[in-house]
Amino acid sequence: LYISKTTNLRVRAFREGYLPSKTTTASYLVLTRIPRLPIASITVKHEDFFGYTTGIYVEGPNAEPEEPHFSANYWQDWERTIHFEYFPFQEGCVVSQDVGVKIGGNWSRAQPQKTLKLYARNEYGSNEMQYQFFKDKPIYGFHIISLRNSGNDCNNTQMRDGVISVLAKNMNIDRQAYQPAIVYINGQYYGIQNVREKMNESYVAENYGYEKEDIDFIKNNGEVTNGTSNDYYEMRNYMETTDLSIPENYQKAFEYLDINNFIDYNVLEMYVVNED
């Protein structure tokens with residue numbers, strides 16, 4: 001085959017009387033110059049992303065007319081299989097594997113450029129994407145990463161949240177690492193999106209070395225996504241029913257909560273004027 005333009009190629013061998021081979025996928029990037037940003041290339045069955053009734057990237061038949069078009073396809077918890085390849089600047093292809101993908105974000109789902117959450121699972125071949133996506137963190141295997149559209153900053157700088165994360169890297173707080181990348185879907189340019197860690201129990205395991213079954217992960221107002229909320233509500237009860245102006249009570253509060261971490265977190269939120 002002679003390939004003269006950026007192309008995503010999928011190949012499978014067939015022979016009468018035999019099972020078909022596994023499908024092999026590769027992206028061929030024909031560029032006028034080498035970009036200084038990494039390239040994230042996605043190969044996906046067209047209907048899985050853009051089909052009217054099955055595509056996770058489109059509104060589909062049930063979308064409400066008002067923005068953010070609740071009940072649209074991209075508001076469903078649908079996972080599709082893609083082939084994901086990652087080409088850092090002057091390194092060649094360092095990741096090439098099948099992963100699952102879901103649409104991420106909240107109201108920014110209604111934007112033309114969607115956040116994509118990539119899941120490495122054993123059912124797709126491997127439960128890790130083995131590469132150091134972020135040079136400022138010594139993590140070489142990820143269960144989940146996001147190609148983020150920058151949320152409510154997607155129509156402005158497209159980097160505000162990522163830059164703030166970089167500014168915070170020497171503070172005593174958790175942060176989602178940041179690396180902008182150029183995204184191609186089925187050989188078509190889809191703009192710049194931000195490679196980010198996903199804040200969940202996998203993040204805690206990868207950043208701190210804990211086993212997932214030992215992690216309580218709670219979001220919003222007590223919604224448990226991993227483990228239990230028992231210790232969380234014990235802490236809440238102590239804080240809400242105890243006079244913390246008494247020094248010994250305040251010192252005991254340190255057993256429940258990393259208070260210096262909590263202070264640093266609020267300092268950063270106020271300094272950057274997080275209005276979301």
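This section describes the salt bridges, a buried asparagine, a surface patch and the cysteines of a predicted model.

Salt bridges in the structure number 9. In one of them, the side chains of Arg 175 and Asp 136 come together at an N to O distance of 2.8 Å. This pair links distant parts of the chain, 39 residues apart. Arg 175 belongs to the loop between helix H2 (160-167) and strand S8 (178-185), and Asp 136 to the loop between strand S6 (115-119) and strand S7 (144-148). The two partners differ in burial class: Arg 175 is buried, with a relative accessibility of 9%, whereas Asp 136, at 34%, is partly exposed.

A salt bridge is also formed between the side chains of Asp 161 and Arg 196, again with an N to O distance of 2.8 Å. Because Asp 161 lies in helix H2 and Arg 196 in strand S9, this pair ties together parts that are 35 residues apart in sequence. Asp 161 is partly exposed at 34% relative accessibility, while Arg 196 is buried at 3%.

Within helix H5, the side chains of Lys 252 and Glu 255 meet in a salt bridge of 3.4 Å, N to O. Both residues lie in this helix, and their spacing of 3 residues corresponds to about one turn. The relative accessible area of Lys 252 is 34%, so Lys 252 counts as partly exposed; Glu 255, at 63%, is classed as exposed. Elsewhere, Arg 148, Asp 161 and Arg 196 are joined into one network by salt bridges that share partners.

Strand S9 (residues 188-197) also contains Asn 194. With a relative accessibility of 2%, Asn 194 falls under the 20% limit and is therefore buried. A polar atom of the Asn 194 side chain is placed 2.9 Å from the backbone oxygen of Gln 158. When neighbours within four places in sequence are set aside, the contacts of Asn 194 include Ser 146, Leu 147, Arg 148 and Ser 150. Gln 158, Met 159, Tyr 178, Gln 179 and Pro 180 are also among the residues in contact with Asn 194. Arg 148 thus appears both in this contact list and in the salt-bridge network.

A nonpolar patch on the surface is formed by Tyr 250, Phe 254, Ile 263 and Val 267, which together have about 320 Å² of accessible area. At least two residues of the patch come from each of helix H5 (247-256) and helix H6 (259-271). Phe 254, located in helix H5, is partly exposed, with a relative accessibility of 34%.

Met 239 is part of helix H4 (residues 230-241). Its relative accessible area of 23% places Met 239 in the partly exposed class. Beyond residues up to four places away in sequence, Met 239 touches Leu 244, Ala 253, Tyr 256 and Leu 257. The C-alpha atoms of Met 239 and Leu 257 are 9.7 Å apart, and the two residues are separated by 18 residues in sequence.

With regard to cysteines, a search of the whole structure returned 0 disulfides. Cys 93 is partly exposed, with 38% relative accessibility, whereas Cys 154 is buried, with 11%.

Key
Residues numbered from 1 in each chain as written. Predicted model: local features only at pLDDT ≥ 70, side-chain atom pairs only at ≥ 80, totals over all residues. Heavy atoms only, no water. Disulfide = S-S within 2.5 Å. Buried < 20%, exposed > 50% of the residue type's maximum accessible area, 1.4 Å probe, protein only. Helix = DSSP H or I, 4+ residues; strand = E, 2+ residues; numbered from the N terminus. Polar contact = N/O pair within 3.5 Å; in protein donor to acceptor, adjacent residues only side chain to side chain. Contact = heavy atoms within 4.5 Å. Patch = residues over 30% accessible without salt bridge, like charges linked within 9 Å, V, L, I, M, F, W, Y side chains within 5 Å. Areas by Shrake-Rupley, 256 points an atom, 1.4 Å probe, with all protein chains shown as cover. Salt bridge = Lys/Arg side-chain N within 4 Å of Asp/Glu carboxyl O.
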